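Please examine the model below, beginning with one helix and then turning to the protein as a whole.

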Amino acid sequence: MDNNPIFKIFESLPRLGGGDDEHTKKAFLLIADPPEQGGEILDVGCGKGMQTIALARLCPSCRIIASDIHQPYLDVVNEKIISEGFTGRIKTVCASMIDLPFEKEAFDIIWAEGCSSIIGIEKAIRYWKSLLKRGGYIMISDIFWFTKTPSDEPRDFFDEYHPSMMFEDEGFDIVRNAGLEMVGSFRLPSHVWEESYYGKMREKFGELEEEYAKDEPALMVIRGLKRQMKIFEKYSDEFGNTYIVMRKPLS
């Protein structure tokens with residue numbers, strides 16, 4: 001798993017997708033009744049933990065488990081936990097997001113920025129729901145189509161790289177069909193993609209291409225990312241990240 005070129009490339013970036021603390025906070029504030037004392041949060045597919053640290057600040061009474069399948073990312077999170085003074089409040093667990101080592105109904109909040117489509121949004125929501133306490137919340141942010149009639153260029157690209165990408169309202173239907181209540185949603189502004197993700201990636205391309213000059217799988221990933229950036233620059237009104245907050249009913 002650690003030899004996957006995607007993991008290797010993203011180890012050099014601060015974030016693994018578009019997002020920032022402002023929009024993590026905006027999503028968290030959709031939760032009307034966050035735990036006041038001793039709440040348990042699971043940050044699934046946490047990557048390098050940017051949102052993990054933001055959540056720790058937003059819910060100072062909560063304990064957080066940050067989970068990811070790639071240990072080098074968790075090593076970065078562990079360094080942040082120490083430097084930010086969150087030892088004892090945040091711990092890391094290396095595990096697959098579809099096979100998590102936790103009891104049923106263990107968490108008040110399950111947080112997943114930019115990762116649910118890796119295993120399939122419907123599968124993710126239904127599985128993570130089982131780990132959620134009654135009255136608890138799930139937040140996912142993931143990439144969706146914003147239009148039912150996308151242009152040929154982005155449609156062809158995602159047919160190749162993300163054929164299961166769905167329309168935004170299909171995601172909302174998955175939430176309701178899973179027996180969860182829609183709390184709220186919003187789209188990540190396109191400028192945040194550039195500031196938090198694409199801009200950082202653009203700065204790294206030369207260095208990455210030199211480092212992986214003889215690694216064709218890694219170069220294929222880099223070419224795909226370059227193509228995605230160009231498509232997003234032209235068609236950011238047709239697709240992007242949507243944050244969705246949902247609640248498990250009390251009964």
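**One helix and its surroundings**

In this predicted model, helix α6 runs through residues 152-161, and Pro-154, Phe-157 and Phe-158 are buried within that helix. These three residues lie on the same side of α6, because the arc they cover around the axis is only 90°. An α-helix has 3.6 residues a turn, so positions three or four places apart point the same way. Which elements are among those that cover the buried residues of α6? The cover includes two strands, β5 (132-145) and β7 (239-247), together with helix α9 (216-235).

**The protein as a whole**

Helix α6 belongs to a protein with nine helices and seven strands. The radius of gyration is 18 Å, close to the 18 Å expected from the globule rule for 251 residues, and the protein is therefore as compact as a globular protein of that length. Its C-alpha trace spans about 50 × 45 × 30 Å along the principal axes.

Burial and contacts can be considered next. Of the 251 residues, 54% are buried, that is, under 20% relative accessible area. When contacts between residues at least 6 apart in sequence are taken, 76% of them join residues at least 24 apart. The contacts of α6 with its cover can be viewed alongside this figure.

The surface and the charges complete the description. The accessible surface amounts to about 11700 Å², and carbon and sulfur atoms contribute 50% of that area. The protein carries 31 positive and 42 negative charges, and the mean positions of the two sets are 3 Å apart.

Key: Residues numbered from 1 in each chain as written. Predicted model: local features only at pLDDT ≥ 70, side-chain atom pairs only at ≥ 80, totals over all residues. Heavy atoms only, no water. Buried < 20%, exposed > 50% of the residue type's maximum accessible area, 1.4 Å probe, protein only. Helix = DSSP H or I, 4+ residues; strand = E, 2+ residues; numbered from the N terminus. Arc of directions from axis to C-beta. Contact = heavy atoms within 4.5 Å. Rg over C-alpha atoms; globule rule 2.2 N^0.38 Å. Areas by Shrake-Rupley, 256 points an atom, 1.4 Å probe, with all protein chains shown as cover. Lys, Arg positive; Asp, Glu negative; His and termini not counted. Charge placed at Lys NZ, Arg CZ, Asp CG, Glu CD.
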